[in-house]
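Hi,

Here is the structure I promised to pass on. Have a look at it first, then read on for what turned up.

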Amino acid sequence: MAHDEMLAELDKRREIASALGGPRKLARRRESGQLNAQERLDALIDKDSFFEVGLLGQSSLEADADSTPRDGKITGFARIGGRDVGVVVNDFTVKGASTGATNSKKMGYIRRTCTEKGMPFVHVGESTGARLPDAMGSKGMGTMLGNDITQFRRMRDTPWVAAALDTSFGSSAWMCCCSDFAVMKKGSIMSVSSPRLVSMAIGENVDLEELGGWRLHAEQTGLIDHFVDTDEEAMQALRAFLSYMPSHNGELPPDAPVSDGSGLEQERILDVLPEKRTQVYNMKKIIELIFDKGSMFELKPRFGRSAMVALARLDGKVIGIIANNPNVGGGALSAEACRKIIDFTVLCDSFNIPLVRMMDTPGFVVGTDAERRGAPGHIMNFMNATCLTTVPQITVICRKAYGRAYVAMGGGAHNDAMIAWPGAEVSFMDPVFATSIVHNLKAGDEGFEEALGHIQKDLEIWDMARIFSAQDVIKPQETRAYLIRMFEIQRRRRSGGVGQHLMRTWPTSY
């Protein structure tokens, strides 16, 4: 064959592969308001930065070769925010982006290259699961499953991020559960299998939302970190999260310019923080005042709501924030709140992100329901994660710090520095309960208020500062300046701020 004919044949094959599932299927997606795989890719990456690998991949079954351009997955390398990443974007218009032998090899190549070369891995999911009948029988299983021992091995060498869009079964769900950050579009469904298969398996009809809707994952499973309304917003969320991450665990997160107006309203903290110890308030408003303006990126906001976790910037540098939320249950830590904090602690420690813990908690949630949810196990996991943290960490006791939760939230020696605000209280338990146990008095009894007053005096932070168990007591409005300077000091470690990554194999979902 002459050169011109060979080159023309290559051009033809490239054109066919680039057509995705064909005009009819693409038109249907446009009519329903869905972006196609190429449009999602364009919204995700820096313009003109995509370097495709595997364009000519097709099904390994001869009969399906012509109907499976790219074998249903666009794979390659690109730049996001000017930095290299590996990308997999599922193409639902080709056999529902089902997992086949060829596209499994394509995805494995991207993941392995990201790990070896130190690049984030991005998976944009919409899929139906394993491809049938390809995976059926012993030959199908021997070809399709179990041949890549790195497929689900997370060592947190590089950040993994994923999106669950529209129909996300099988591999799309797996990648969200393996990732450090997962975003889901409202109206989508993410589950192990399709409602049809589940209905057949259990012999009853299954509701889409109950099986794997966004509210389920937002409020009950905690498997998804962020929720959006559109495909475009999902791609922007992936970009935003990666902007806080290093490319790999051997480097620090990237700095950014300090946003205009940062740190100018520190006196307003006193307007948010109540003078009365029993009055609730919005910790998020205080955090927004302390950290760089507009930089807070909260994760799992509707899960374990008595705690909040967020990435933010402080003087342009990335910081992880763990805070109690007094607006929900007085800030008492539920099993779900513990899980959320553990996940975030592992994320930050794995990718060299210093931690600030803003403490205001009466302790852990107790009771029969908490025990059924495995509270003791979650509390010990929480303690283990706190003890294994090796990045710079500062604890701020804002108000209440009671019992074992004080330690889990970074109290005592579980930090590089611990400071407190003047109204902070530290003790083994709430003073009202302590008064009842120590003096056998309850509210309304004669002598109760006097006994309570004596116990409350013992709770005040001054004694802890006097014995240097707290490094300092500062005004709330001095917190930003203190954190900036103390982190400058704590980052001056021989490792250059890179942690030991003792939790790098902690499960991403449990």
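Let me start with Asn 249, which sits in the loop between α10 (231-242) and α11. In this predicted model, Asn 249 counts as buried, because its relative accessibility is 13% and the cut-off for buried is under 20%. Which residues does Asn 249 touch, once those up to four places away in sequence are set aside? The list is Arg 156, Asp 157, Ser 350, Phe 351, Asn 352, Val 498, His 501 and Arg 504.

Another loop residue to click on is Ser 306, in the stretch between β9 and β10. Ser 306 is buried too, with a relative accessible area of 4%. Not counting residues up to four places away in sequence, Ser 306 touches Asn 324, Asn 325, Val 328, Gly 331, Ala 332, Leu 333, Ser 334 and Ala 337.

Now for the salt bridges. How many does a search of the whole structure find? The total is 28. Some background on these pairs: side chains of opposite charge can pair when their charged atoms come close.

The loop that holds Ser 306 also gives us one of the bridges. Glu 219 pairs with Arg 302, and their closest N and O atoms are 2.3 Å apart. Glu 219 belongs to helix α9 (residues 214-221), while Arg 302 is in the loop between β9 (297-299) and β10 (307-314), so this bridge ties together parts that lie 83 residues apart in sequence. Are these two partners buried or partly exposed? Glu 219 is partly exposed, at 36% relative accessibility, and Arg 302 is partly exposed at 36% as well.

Glu 265 and Arg 268 form another bridge, at 3.1 Å from N to O. Glu 265 is partly exposed, with a relative accessible area of 37%, and Arg 268 is partly exposed at 42%.

Then there is Arg 277, whose side chain meets that of Glu 425 in a salt bridge of 3.0 Å, N to O. What does this pair tie together? Arg 277 is in the loop between α11 (269-272) and α12 (283-290) and Glu 425 is in strand β15 (residues 425-427), so the bridge links parts that are 148 residues apart in sequence. Both Arg 277 and Glu 425 are buried.

There is also a network: Arg 29, Arg 40, Glu 126, Asp 166, Lys 185 and Asp 231 are joined into one by salt bridges that share partners.

Lys 185 from that network takes us to strand β6 (residues 181-185), which is mostly covered, with 5 of its 5 residues buried. Which of them point which way? Phe 181, Val 183 and Lys 185 face one way from β6, and Ala 182 and Met 184 face the other way.

On the pairing of β6, strand β5 (residues 160-169) runs parallel to β6 and is joined to it by 4 bridges. Ala 164 is the residue opposite Met 184 in β6. To get from β5 to β6, the chain passes through helix α6 (residues 171-178), and this β-α-β crossover is right-handed. β6 also pairs with strand β8 (residues 226-228), again in the parallel sense, over 3 bridges. Here Val 183 stands opposite His 226 in β8.

Out on the surface, Phe 152, Trp 174 and Val 192 make a nonpolar patch of about 300 Å². Phe 152 lies in the loop between α5 (137-144) and β5, and Phe 152 is partly exposed, with a relative accessible area of 42%.

One last residue is Lys 284, in helix α12. Lys 284 is partly exposed, at a relative accessible area of 31%. Its contacts, leaving aside neighbours within four places in sequence, are Met 296, Glu 298 and Met 308. How far is Lys 284 from Arg 492 in sequence and in space? They are 208 residues apart along the chain, and their C-alpha atoms are 29 Å apart.

Over to you!

Definitions and conventions:
Residues are numbered from 1 along each chain as its sequence is written. This is a predicted model: local features need pLDDT of at least 70, side-chain atom pairs count only at pLDDT 80 or more; totals for chains, interfaces and linings use all residues. Side-chain values use heavy atoms; hydrogens and water are left out. A salt bridge is a side-chain nitrogen of Lys or Arg within 4 Å of a carboxyl oxygen of Asp or Glu. Helices (H or I, at least four residues) and strands (E, at least two) are DSSP runs, numbered from the N terminus. Buried means under 20% relative accessible area, exposed over 50%, partly exposed in between (1.4 Å probe, protein chains only). Two strands pair if DSSP finds at least two bridges between them. A crossover is right-handed if, with the strands pointing away from the viewer, the path from the first strand over the helix to the second runs clockwise. Contact means heavy atoms within 4.5 Å. Patches are made of residues with over 30% relative accessible area and no salt bridge: like charges are joined within 9 Å, nonpolar side chains (Val, Leu, Ile, Met, Phe, Trp, Tyr) within 5 Å. Accessible areas come from the Shrake-Rupley method with a 1.4 Å probe; for residues, only the protein chains shown count as cover.
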